[in-house]
2 protein chains.
Amino acid sequence: MTRAERSDAARNRAAVLVAADELFATVPEPARLSMDDVAAAAGVGKGTLFRAFGNRAGLLQALWQRRYEPLRDAIESGPPPLGPETNPRQRIAAILDAILVVKLDNRHLTLAVEERSGGTSLYGQPQYQLVHQLLCDLVRATGGGGDSELLAHLLLAAVRADLLTHLASRQGISRRRLRADLASAVDLVLEAADASPPSD
Amino acid sequence: MTRAERSDAARNRAAVLVAADELFATVPEPARLSMDDVAAAAGVGKGTLFRAFGNRAGLLQALWQRRYEPLRDAIESGPPPLGPETNPRQRIAAILDAILVVKLDNRHLTLAVEERSGGTSLYGQPQYQLVHQLLCDLVRATGGGGDSELLAHLLLAAVRADLLTHLASRQGISRRRLRADLASAVDLVLEAADASPPSD
DNA sequence: TGTCAACCGGGCTGTCGGTCCGGATCGCAA
DNA sequence: TTGCGATCCGGACCGACAGCCCGGTTGACA
């Protein structure tokens, strides 16, 4: 039986989340942020840190979840243009744009989350599989041709953290320009899918 | 002044390349392949290994270069459909298809090469930037709308090692199916770009 | 064959993710 | 308030791994 979490454990967990958030926002190279650093910044022992989150990936997931949850809720049950009432074409565009913005706002964190390490891959994360499934359905609903699964992967590949970071930080492309270009690219893909119905 | 490489150094370098190639082909989890393993398999000391390739990334680059070179040559100066005489649309499709095949054939290696570690990113590699530049030009030559830079990134994102590995190894999608789906997706994107000329 | 620079090997170091366990703390009950 | 057991804390500890170092060796050339 799982007992209720003790109050000091909850307090420490919260402290870690706050401190880690702060660290990821300020540190220049997220890959070099060690668990010891996080523990020290949170004023907590390493044992506590690992008991609360299991491992590094667990901590990153927890941090990312906090950032992503509002967007997920808006997509699942919010008002247009993210919510389910929007027509598929516009909804896809709105979702990808929102993801772009969130990832840009949390560049370091998303970079670390999507980093492939050990046996984990971006494509194995439940978060990814959920949004991919949704995009699949939406793409199919636009009635276009092509394989909807691969198309959905393609659309999501456009907002991968390392690509965004390269374009924004390394190449200095502005957020406005990025959003506009993404929107036009998405539109282009969907327009084509729309214009070429299944061949049979 | 850089002196000529001594013969034993050249021999050892070759031995390492052979042994590492073999290891990457057989080992199940490429991320867990340590430099010590490579050195041991090549029958060479660790010092030799690091002197020859600088660091892990250098070794991976050298391995990947050997695999990628034939394709690069075929693209730069070979016969159609990869060579420069082909029309842009078909050439883009041919290039992406060839990349897909090479990456699938060297799954573990490409996975390790594209792995983000330290300050390196796929998008910072000269190999990537070269093929991206070429695709940019080709996309622009098709005369379609949209930002050619982002479009080229999108096309290349379709053949990223982790995505291919997920589709092929994790989901069990056949190579034939993968190639067909990629071809249709590429065609779809380019068709749309073709059909919607620049807005001004 | 002698000489010396280049090279070899593998032991060593620093770092980091993750574990362990003696001691402190919390929650509850009387 | 006090007693008690389960839960939690903290930081020392471990194993793995990238990369460095240096005494001994070997190839190149006269």
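A residue is near a molecule or strand if one of its heavy atoms lies within 4 Å of it. The structure is a predicted model in which local features need pLDDT of at least 70 and side-chain atom pairs count only at pLDDT 80 or more, while totals for chains, interfaces and linings use all residues. Residues are numbered from 1 along each chain as its sequence is written, chains are lettered from A and ligands numbered from 1 in the order in which they are written, and side-chain values use heavy atoms, with hydrogens and water left out.

**View 1. Protein surface near DNA strand C.** DNA strand C is surrounded by 20 residues, the closest being A:Lys46, B:Arg6, B:Asn12, B:Gly47 and B:Arg51. By class (Ala, Val, Leu, Ile, Met, Phe, Trp, Tyr, Cys and Pro nonpolar; Asp, Glu, Lys and Arg charged; the others, Gly among them, polar), this surface has 4 nonpolar, 8 polar and 8 charged residues. Helix α3(B) gives the most, with 4 residues; helices are DSSP runs of H or I with at least four residues, numbered from the N terminus.

**View 2. Base contacts of DNA strand C.** Polar contacts are pairs of N or O atoms within 3.5 Å. A polar side-chain atom of A:Lys46 lies 2.4 Å from a base oxygen of DNA strand C. From chain B, a backbone N or O atom of B:Gly47 is 2.9 Å from a base oxygen, and a backbone N or O atom of B:Lys46 is 3.2 Å from a base nitrogen. Of the strand C atoms within 4 Å of the protein, 57% belong to sugar or phosphate and the rest to bases.

**View 3. Phosphate contacts of DNA strand D.** Around DNA strand D there are 22 residues, and the closest are A:Arg6, A:Asn12, A:Gly47, A:Arg51 and B:Lys46. Phosphate oxygens of this strand lie 2.5 Å from a polar side-chain atom of A:Asn12, 3.1 Å from a side-chain N or O atom of B:Ser7 and 3.0 Å from a polar backbone atom of B:Met35. Helix α3(A) gives the most to the surface near strand D, with 4 residues.

**View 4. Helix α5 of chain B.** This helix (residues 88-105) has 18 residues and reaches 26 Å from its first C-alpha to its last, close to the 26 Å expected at 1.5 Å a residue, the expected span being 1.5 Å times one less than the number of residues. At the N-terminal end, B:Asn87 acts as a cap, with a side-chain oxygen 3.1 Å from the backbone nitrogen of B:Arg89.

Definitions and conventions. Helix = DSSP H or I, 4+ residues; strand = E, 2+ residues; numbered from the N terminus. Polar contact = N/O pair within 3.5 Å; in protein donor to acceptor, adjacent residues only side chain to side chain.
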